[in-house]
Amino acid sequence: MAPGAGSPARKVTLLARLAVALLIAGLAVQAGFMVREVHDQLSTPVTHPLRDFLERADALIPAGDEYVVTSPVRSDDARYFLYPRRQVTSGFDRASLEASGARWVIVTADARPATLHGLQSWYRVRLSTPSGRLLELTG
Amino acid sequence: MSDWLLAIATCLLLAWAGRPWARRVAGSAPGRWGLHGLSYLCGTAMVSLAMLGVAFVGLPVSRWTLAVAFLIVRATGSRPPALPERRPLPGRGGPAVALPMAAVVATLGFGMLQAFRLGGIDSIDFLKAWGLKGVAVLDDHSLDFSRLSGPHLFYPLEVSNVNGAVLLVLGHVNDSVLRLPAALFAVSLAAVMWWLLRLVMPPAPAAAAIALAVMTPEFTTLMTNGLADLVLASYVTVCVLGAYLWLLDGGTRYAALSGFAAGAAAWTKLEGTVACAAVLVAVLLVRRAWRTPGAGIWIAWFAVFIVPWQVFQRVHDIPANRSHFKTLYLHPLWIVDHVARTLAETAHWGLFWPIVLGLIALTTPLWWNTPARLLAAVTLPNLVLTLGAYVTHYRAGQADSVEATAHRLYMHIAPSLAVMAVMGATVALSALRERPPDPHPEPARCR
């Protein structure tokens, strides 16, 4: 070991050099992450499928009507796009839906109850997209 | 196109209304860019607060009363005192400044580009809180949110009122343009950071600190996704840097800046109240006096933003916080493991956290006996508080929604920690330049 290798001055020098190197390297690394982020973001197409569906539903549902959403995850989306219409909670069988007072049911792709599959006599499909279906109760 | 023009006009009006207030709270002349940035931060906070004032006196929050709110904010802040100049620290320009500043401009430019190209905002907290309450302002012209339900009604109103203001000017809902006022908080933060950091650092470290703060994927995401975390970060950072200057200065000059930003942070998000209160406690502890000069000004600004909303909630029976902070989950090992994994994951932050925490730890022996210790006193307690706060949410094995949101919940402390890290490196660089002669030179050096 060289004489004075462990002296406080040498330790300070070592620490300081390490810190400055870490900062410079860190900035370079972060710049690299940003380049990757920019590339990823700009090469990913911007799509809003659920938004498009709910905006079309907004145009179809009359003001003041109430509605039910089958997906608890997507109920916030519906509340935002359909405001100030009131969202009500209900089961998804015919009796529960008719008792809820709601006239409209929003069935999103992530939550399709068996009772709302396909076509039934007690509702009409007013809108159908890959993101969801808008049903109007007719019973 | 006209929606974009109206949104741009609203943002300019917010900065116009806030300009006298920026001069009033700045403490020293902020320079051109610092003044622009601070004007926007002041304008958004004060106009959104004035909207609450409109609702408080029972008037509808409409386009006309919004115009009155703009005028009142502008008028009440006018005739600010002449600000004393405070010279920035000397230092050379060159590539050490130009390179990080170019990176800052590129990053913020990318964020702004995203604001214009991404379209409508679909992030969940925007849809259920920040955006929805803005839509409710447009539709109902009130702030009691009587037609809304859910656990978010107690959230402070800065962000949703700014959204509501833009929508009122538009006259209809177009949330694509709401990305613009959100993104401008990031630009304002960078401008204000440059002004404040130049008072305590040479230009190269100041530029490096801003670059480190903004160059993360999470930062650019939060510039445009309609959430409140970057807005909160803007105010918390100004509060922290203002408090640091307040301590360094020894008088009361920067207490108003720190206190204003603290109040605005609390008016933005619940975490702001706790984070900025911790900053005040740190100042009082450092000065070892409850009645330290400037504390009254600081607390008065804090109260200006907190008290009206608390009173309004009670007057209008807005339900208080029912779901957050109800239970403590004390699983320290699991929490430490989970937080460590979150900080080390690179998709959101790159290597920001290892770099920043590593720099701070590595340079501690160097800055411990320097004025940088004052900056540590106002930044590091919030690191512990923020990471520790998750005992209120984390359950071992079931992190629930916090799992998805933890990354953005660290945002409000990130810029000030970046500053602390660069301050450590700056002290290290000074130590290299001014180190005493080595008493045991190596033989090779003697030749």
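The following paragraphs describe a sheet in chain A and a helix in chain B of a predicted model.

The sheet in chain A is open and consists of four strands, arranged in the order β1-β2-β4-β3 with mixed pairing. Strands β1 and β3 (123-129) of chain A occupy the edges; each has a single partner strand, so one side of each is left without a neighbour in the sheet. From one strand to the next, the twist averages 20°. Helix α2 (residues 49-60) of chain A packs on this sheet and touches β2, β3 and β4 of chain A. The direction of this helix makes about 140° with that of β3(A).

Strand β2(A) may be considered next, beginning with its partners. Strands of a sheet pair through backbone hydrogen bonds, in either a parallel or an antiparallel sense. With strand β1 (residues 67-69) of chain A, β2(A) pairs in the parallel sense over three bridges; here V105(A) in β2(A) is the bridge partner of V68(A). With strand β4 (residues 132-137) of chain A, the pairing of β2(A) is antiparallel and extends over five bridges. In that pairing, L134(A) of β4(A) stands opposite I106(A).

How many of the five residues of strand β2 (residues 104-108) of chain A are buried? Five of the five are, so the strand is largely enclosed by the rest of the structure. In a regular strand, side chains alternate between the two faces of the sheet. Both faces of β2(A) are covered: one side carries W104(A), I106(A) and T108(A), the other V105(A) and V107(A), and all of these are buried.

Attention now turns to chain B. Helix α4 (residues 95-117) of chain B has 23 residues, which at 1.5 Å a residue should span 33 Å; the end C-alpha atoms are 32 Å apart, and this agrees with the expected span. The buried residues in α4(B) are P100(B), M101(B), A103(B), V104(B), T107(B), L108(B), G111(B), Q114(B) and A115(B). What covers these buried residues of α4(B)? The covering elements include α1 (8-43) of chain A, together with α7 (179-198), α8 (203-214) and α9 (217-224) of chain B. Just after α4(B), G119(B) adopts a positive phi of about 80°.

Key:
Residues numbered from 1 in each chain as written. Chains lettered and ligands numbered in written order. Predicted model: local features only at pLDDT ≥ 70, side-chain atom pairs only at ≥ 80, totals over all residues. Buried ≥ 20, exposed ≤ 12 C-beta atoms within 10 Å, placed from the backbone. Helix = DSSP H or I, 4+ residues; strand = E, 2+ residues; numbered from the N terminus. Pairing = 2+ DSSP bridges. Axes fitted to C-alpha atoms, helices over the stretch in contact; angles between N-to-C directions. Contact = placed C-beta atoms within 7 Å. Expected span 1.5 Å × (residues − 1).
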